[in-house]
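Biologist: I should like to go through a protein model with you, one question at a time. Please give your reasoning before each result.

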Amino acid sequence: MTDSRRSTSPDDELAPGHRRELVSFTRRGGRLKERQQRVWDEIGDRFVLEVPRAGASTSVDPDARLDVPATFGRTAPLVVEIGSGHGDTVCAAAAACPDVDFLAFEVWVPGIAQTLLTIRREGLTNVRLAEVNAPEALATWLPEHSLTELHTWFPDPWHKTRHHKRRLVTVDFTHLVARALEPSGVWRLATDWADYADQMEQVIVESPVLEGGRCERYEHRPVTRFETKGLAKGRTIHDLRAVPVS
Ligand SMILES: C[S@@+](CC[C@H](N)C(=O)[O-])C[C@H]1O[C@@H](n2cnc3c(N)ncnc32)[C@H](O)[C@@H]1O
C-alpha cells in the first residue's frame, strides 16, 4: 500500500543522520495539485511501488529485493528509466512496446503523480513507478542482470563546475549499471549539455565494465519538456549508448 496522504515536500535528503553521501538531486518540493492527488488516491496503490526504506524518504533498504514477476504479474523484458520527470518518455515507450515492462525511478513526487495521470489516460498496464534514489535501487533492490535496457534521459546537468560532483553519470555509477543490465542489455542516455555529453563519453571509455559511445536518437523517445527547453536555448541533443563488456 502506498500512503496517499504522504507529505509531498520533505527535504530530508541532506538532513544530518539521514544521508551522508551526495545525491544527484536536492529539494523535491511541490505540492500535488488536486487532480494529481486524486489520481494518486485512485491508482497509486497499483502503480507506485512500496519501497522498504533505510532512513531518508527516497532511500532503499539494502536488504530489500524487488520481486519483478510479482510486481508486473507476468514475466517480460524489463526496462528501467532513471529520472522520468513528468513521465513523457516512459509512457510513450510503454504504449509503443506493450510486451515490455517499464519501471521508472523518480524522486520528484508531482512528476510521479503526473505520470499516473498519463498511465490512466492511456490505459497503460506495463508501467510501474518508484520514488527512489536510482543508484540505491540499482545497487541492491533490482535483481542482478534483470534489465534489457536502462534509460537516462536528460539527467540533471549540474552545470556549474562546483556542482559537477553531483552528476549521476560517473565511472562508479557504471558498475551499478553493469550489475543491473543483462549481458546483452543496453544503457541509453541523452543530454542537451555538451560538456555532460563529453563526460558521459569519457566515463564510458574509462569504465572497465561498459563499452560504447555516441549514437543515433532512441526511436521511442518523444521530445520531452527538458529537451524542448534545451533546444529553445540553442543547445544540441547528444545521444549515447553503452553495453556490458563481454
Ligand atoms: C532534468 S530532469 C529530466 C526529466 C525527464 N527525463 C525529461 O527528459 O523530461 C531530471 C529528473 O531526474 C530526477 N532525478 C535526479 N536525480 C535522481 C535520482 N538519483 N534518482 C531518481 N531520480 C532522479 C529529477 O527529480 C528530475 O525529475
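Biologist: Which residue meets the side chain of glutamate 201 in a salt bridge?

Modeller: The model is a predicted one. In it, glutamate 201 belongs to helix α7, and its partner lies 13 residues away in strand β6, which spans residues 210-214. The N to O distance is 2.9 Å, and a salt bridge requires the two atoms to be within 4 Å. The partner is arginine 214.

Biologist: Is glutamate 201 buried or partly exposed, and what is the state of arginine 214?

Modeller: Buried means under 20% relative accessible area and exposed means over 50%, with partly exposed in between. Glutamate 201 has a relative accessible area of 28%, so it falls in the middle class. Arginine 214, at 37%, also counts as partly exposed.

Biologist: Which aspartate forms a salt bridge with arginine 221?

Modeller: Side chains of opposite charge can pair when their charged atoms come close. Arginine 221 lies in the loop between β6 and α8 and its partner in strand β7, so the pair ties together parts that are 18 residues apart in sequence. The closest N and O atoms are 2.6 Å apart, and the partner is aspartate 239.

Biologist: What are the relative accessible areas of arginine 221 and aspartate 239?

Modeller: A residue is buried when its relative accessible area is under 20%. Both residues meet this condition, because arginine 221 has 3% and aspartate 239 has 8%.

Biologist: Which residues are linked with Arg221 and Asp239 in a network of salt bridges?

Modeller: Arg221 and Asp239 form a salt bridge with each other. They also belong to a network of salt bridges. The other members are Arg217 and Glu227.

Biologist: How many residues apart in sequence are the parts that arginine 235 and aspartate 192 tie together?

Modeller: The side chains of these two residues meet in a salt bridge, with 3.1 Å from N to O. Arginine 235 lies in the loop between α8 (225-232) and β7 (238-244), while aspartate 192 lies in the loop between β5 (181-191) and α7 (194-206). The salt bridge therefore ties together parts of the chain whose separation in sequence is 43 residues.

Biologist: Which of these two residues is partly exposed, and which is buried?

Modeller: The cut-off for a buried residue is under 20%. Arginine 235 has a relative accessible area of 23%, so it is partly exposed. At 7%, the residue that counts as buried is aspartate 192.

Biologist: How many salt bridges does a search of the whole structure find?

Modeller: The pairs discussed above include arginine 235 with aspartate 192 and glutamate 201 with arginine 214. For the whole structure, the search gives a total of 13.

Biologist: What is phi for phenylalanine 154 and for tryptophan 158?

Modeller: Phenylalanine 154 is in the loop between β4 (147-153) and α6 (171-180), and tryptophan 158 lies in the loop between β4 and α6 as well. Phenylalanine 154 is buried at 10% relative accessibility, and tryptophan 158 is buried at 17%. Neither residue is a glycine, yet phi is positive: about 55 degrees for phenylalanine 154 and near 40 degrees for tryptophan 158.

Biologist: What is the radius of gyration of the protein chain?

Modeller: The chain has 246 residues, and a compact globule with that number would have a radius of gyration near 18 Å. The value for the chain agrees with this expectation. It is 17 Å.

Key. Residues numbered from 1 in each chain as written. Predicted model: local features only at pLDDT ≥ 70, side-chain atom pairs only at ≥ 80, totals over all residues. Heavy atoms only, no water. Rg over C-alpha atoms; globule rule 2.2 N^0.38 Å. Helix = DSSP H or I, 4+ residues; strand = E, 2+ residues; numbered from the N terminus. Buried < 20%, exposed > 50% of the residue type's maximum accessible area, 1.4 Å probe, protein only.
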